[in-house]
Amino acid sequence: MSQASATETGPAGPVRAPRERLGQRLRRALRPSNFLVAVPGPIFQKDMWISGRKGGTYWMRSMYGTALLIVVGLTFLSVFASLRLNQSATARLQAMQEIAPGTTQVIIWFQLIALSMAGVIYGAPTICEEKRAGTLSTLLTTPLKAWQIVIGKTSAFFVQVLILTLAAAPLLLAVRVFGGVSAEVIVAGTCLGLSTALLAGLGGLFFSIGARRTPAAVAGGLLSIVVLQAMVPIGCLMITLLSKKFSLGIDVPRWAYTHFCTPAAMGFVTIESLSGQNMDSRIAWMSSTAYTLGLCVLLVLASSARLRGVLAREGAGGAPIPKGKKAKASKKLVNAPVAEVSPATTDEAAGEPAASPLEAAARARRKRRPTTAVEGVVREVSNAPVLWRETRQPVFRSRTQLILGLVGAGALLGVCYWSAGIDEENLHSMLSVLGAMIMLLSAAASTTSSISGEREARTWEALITTPLSAWDIVVG
């Protein structure tokens, strides 16, 4: 008998086979052949075939390349505009050598921001599309485990991010012709951009498991990347402020701010490449990349555990996504005693068949209901019904999330202004730039499912049957 079988039949009935030891199970689970078969797996192949037939994939690549060319072109124009024609050849050659460091900085910073957004956009619909297509329950019939599904989805969208990264490689190599840029700067920018994009995509995948619509998963992914990258520097800043306030004597080293934050490590790399000062940028970008990859591993484990719970609920016959609060049934109607009504009612006199006791009790309840109109039941809709409906959609899923968000934002602003002062101009400018970026990302994320969300909610067919024109729907 093999060890895989659980029981065997003996003279005295079924006998349970001895269980495998923990070491044997671990060796069997960690066998390299299992990973070679399961990684990346059939989910990766399916998603790659589907993404290759989507027009949005090629639109994303073309938009990324076009935006990169525009940014690099504006940088070159600004540098050439500063050159004077009456300069000597040596002076102009030195000025031309300044093109490479500035252009490289622009490219790697653009790559960091654009790849992070692309990672969220690619990772957020991974599970939401399975729900919309109704294929999430089909995964239960396959021998795939939750972690294999997560790894397959992650590998599929990471390939798309990697293709976008390779699009910027010719520009970075061409800029090096002017001199002044080391290969380490390009490697550091690429590693930081790819690791941050992977973390952003995994954040979108994690929230897509519990989200009903793709925009909610996109917003969750953007929020997760901001929180995960800022929690260590903010924690160090709080410790420093408390230490100064209460004279605790705690000295937080400078590397604690840069080694666990991708933007800070990228800032060290760019400052060192421009000024030539020794900023220990190599240790900063390596440790930041390792920290980001460690967070990616934790998100993979968390996503696998969450997806396992969703698949378990789906297999048990429940909804894959927990619904909102159920409407409470009226206790008076549920627990109301059934009135004893004689079988022979007035219906027999009218020539109709006699009603059952339940039907007679329901008729009696309907007769007791008031027939007058109740104030506040009728709700007036404006002349723009689509706009009227969209403006009443809640931004937060619950009031608790709204309160926590406001308290967190207020506490962060309070700490910043308490440490820097209310008259600090640099803080005002930094918050203005961050606010503009948040508004830009929110606008880009909230409008992605304006029409596709109607199809996911199964309301698109009802919307096109209304007398509203296409103009009214788009404007609304």
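**Entry 1: α6 and α8.** I looked up the pairing of α6 with α8 and recorded the two helices as roughly antiparallel, because angles over 145 degrees count as such. The model I am reading is a predicted one. For the geometry, I noted that the axes of α6 and helix α8 (residues 146-175) come within 10 Å and cross at roughly 170°. I then listed the residues that make this contact. On the α6 side they include A100, T103, T104, I107, I108 and Q111. On the α8 side, F157, Q160, V161, L164 and T165 are among them. Sorted by class, the contact of α6 with α8 holds 13 nonpolar, seven polar and no charged residues.

**Entry 2: α6 and α12.** I next examined helix α6 (residues 99-123) against helix α12 (residues 262-275), and found an angle of about 170° with the axes 10 Å apart. α6 and α12 are therefore roughly antiparallel to each other. From α6, I recorded P101, Q105, I108, W109 and L112 as the contributors to the contact. From α12, the contributors are T262, P263, M266, G267, T270, S273 and L274. By class, I entered seven nonpolar, five polar and no charged residues for the contact of α6 with α12. I also noted that I108 of α6 is listed in the contact with α8 and in the contact with α12.

**Entry 3: a nonpolar surface patch.** I turned to the surface and looked up a nonpolar patch of about 420 Å². Its members are I113, M430, V433, L434 and M437. Which helix gives the most to this patch? I recorded helix α19 (residues 425-446), with four residues. I confirmed that L434, one of the patch members, lies in helix α19.

Note on methods
Residues are numbered from 1 along each chain as its sequence is written. This is a predicted model: local features need pLDDT of at least 70, side-chain atom pairs count only at pLDDT 80 or more; totals for chains, interfaces and linings use all residues. Side-chain values use heavy atoms; hydrogens and water are left out. Axes are lines fitted to C-alpha atoms, for helices over the stretch in contact, and angles run from 0 to 180 degrees between N-to-C directions. Angles under 35 degrees count as roughly parallel, over 145 as roughly antiparallel, 65 to 115 as roughly perpendicular and the rest as oblique. Contact means heavy atoms within 4.5 Å. Ala, Val, Leu, Ile, Met, Phe, Trp, Tyr, Cys and Pro count as nonpolar, Asp, Glu, Lys and Arg as charged, and the others, Gly among them, as polar. Patches are made of residues with over 30% relative accessible area and no salt bridge: like charges are joined within 9 Å, nonpolar side chains (Val, Leu, Ile, Met, Phe, Trp, Tyr) within 5 Å. Accessible areas come from the Shrake-Rupley method with a 1.4 Å probe; for residues, only the protein chains shown count as cover. A salt bridge is a side-chain nitrogen of Lys or Arg within 4 Å of a carboxyl oxygen of Asp or Glu.
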